[in-house]
Amino acid sequence: MRTKPTKPHKKEAGSILEPQYRDADAAREHLEKLRWPDGPVCPHCGLEGEAYKINVKEKTFEEIKLTKKRIRKPRKGLWKCAGCRKQFTVTVKTIFEDSHIPLHKWLLAVHLMCASKKGMSAHQLMRMLELGSYKTAWFMAHRIRHAMAEGAPDVKLSGIVEADETYIGGRQRFRIADAVKPGVRAQDRPSPVANKAAVFSVVQRGGRVYSRHIERVTAENLKVVLDQVCDADAHLMTDTGALKGIGRERKHSLVNHSADEYVRWDDGVCVTTNTVEGYFSLLKRGINGVYHHVGRKHLHRYLAEFDFRYNARETTDGQRSVNAIKTIGGKRLMYKDPVG
């Protein structure tokens, strides 16, 4: 008699993950290897390799009964510095400090945000990691973005550099209530970008990107950012916008979008801003399709997230997660200070 072949059982989602994503102890060991490759480093005094681990001494029931003392077990992964004599764990002075969320869920959240090309919403993190509330997932994601943030680059952008600005926010709509009423002076119509936040991005062709939220798009404000991130010998390429007259100080090529010019060749050099426009397409699709709404006071962290992923686009998802974890040292973000 011919029997029907049985289908193989599907593996659970947790069984296909690495150990550091399934167990808090394995996650702690993994984090210690990443942060302390040459031995534990005291976050209080900076002494390296001079700390020892505090372990629980196993006592028999008779010994406990004779001493009549309450034995208090130390936290897992607790270290003590031989220099300053202070105790610490691998999460002290990081975004993971004082968190009630298990450490393996933190590492999995970092991996998900690094592997998702257009971002991961807080509601999705809440469902996948089985967190208690949306507020927990939202603040968790913001702390990870805070760790991803980078300041001005140590090595300035060089070669061919493209710069442009874009606007984040909803469309300005004209309401019937705004129409002119009899006996009332006509008010000025608001600008199409009055309710939007301006983002200025500078991209080295084939290299890194640097983005910043600008309160007002003027040549003076944009020039300050360019001087911080661009080398003086860089070949700047922009459209005919606010940076039109900045070419007196550096080599500058323009494309005229109003005349339907997007690409042209000058002496074998491709003059275009399509690279920075491509970055804006990722940014806007992430904000419109995943996050839907981004407040002005939090926009700089979302830009840090998209910049981090774009700058590590040539690496694997796993290596990108490792790079993000290595940036957590010395970075704390408190819930009462969401803007910092």
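Q: Let's start with a charged pair: which residue does the side chain of Asp-227 meet in a salt bridge?
A: In general, side chains of opposite charge can pair when their charged atoms come close. Here the partner of Asp-227 is Arg-250, at 3.3 Å from N to O. Asp-227 belongs to helix 6 (residues 219–229) and Arg-250 to the loop between strand 7 (235–239) and strand 8 (252–255), so the salt bridge ties together parts 23 residues apart in sequence. A salt bridge here means a side-chain nitrogen of Lys or Arg within 4 Å of a carboxyl oxygen of Asp or Glu. Helices (H or I, at least four residues) and strands (E, at least two) are DSSP runs, numbered from the N terminus.

Q: What should I keep in mind about the model itself?
A: This is a predicted model, with residues numbered from 1 along each chain as its sequence is written, and side-chain values use heavy atoms, leaving out hydrogens and water. Local features need pLDDT of at least 70 and side-chain atom pairs count only at pLDDT 80 or more, while totals for chains, interfaces and linings use all residues.

Q: Is Arg-250 buried or exposed?
A: Relative accessible area decides: buried is under 20%, exposed over 50%, and partly exposed in between (1.4 Å probe, protein chains only). Arg-250 has 12% relative accessibility, so it counts as buried. Its partner Asp-227, at 32%, is partly exposed.

Q: How many salt bridges are there by this rule?
A: The count is 12. One of them joins Arg-208 to Glu-150, with the closest N and O atoms 2.7 Å apart. That pair links distant parts of the chain, 58 residues apart: Arg-208 sits in the loop between strand 5 (197–204) and strand 6 (209–214), Glu-150 in the loop between helix 5 (134–148) and strand 4 (160–168). Arg-208 is partly exposed at 36%, and Glu-150 is partly exposed at 45%.

Q: Which residues are linked with Arg-28 in a network of salt bridges?
A: Asp-25 and Lys-76 are in that network with Arg-28. Between Asp-25 and Lys-76 the closest N and O atoms are 3.5 Å apart. Asp-25 is in helix 1 (residues 24–35) and Lys-76 in the loop between helix 2 (61–67) and strand 2 (79–81), 51 residues apart. Lys-76 counts as exposed at 57%.

Q: In what order do the three strands of the open sheet lie?
A: Two strands pair if DSSP finds at least two bridges between them. Here the order is 1-2-3, with antiparallel pairing. Strand 1 (51–53) and strand 3 (87–88) are the edges, each with a single partner strand, so each has one side without a neighbour in the sheet. Three bridges join strand 1 to strand 2, and Lys-53 has Trp-79 of strand 2 as its bridge partner.
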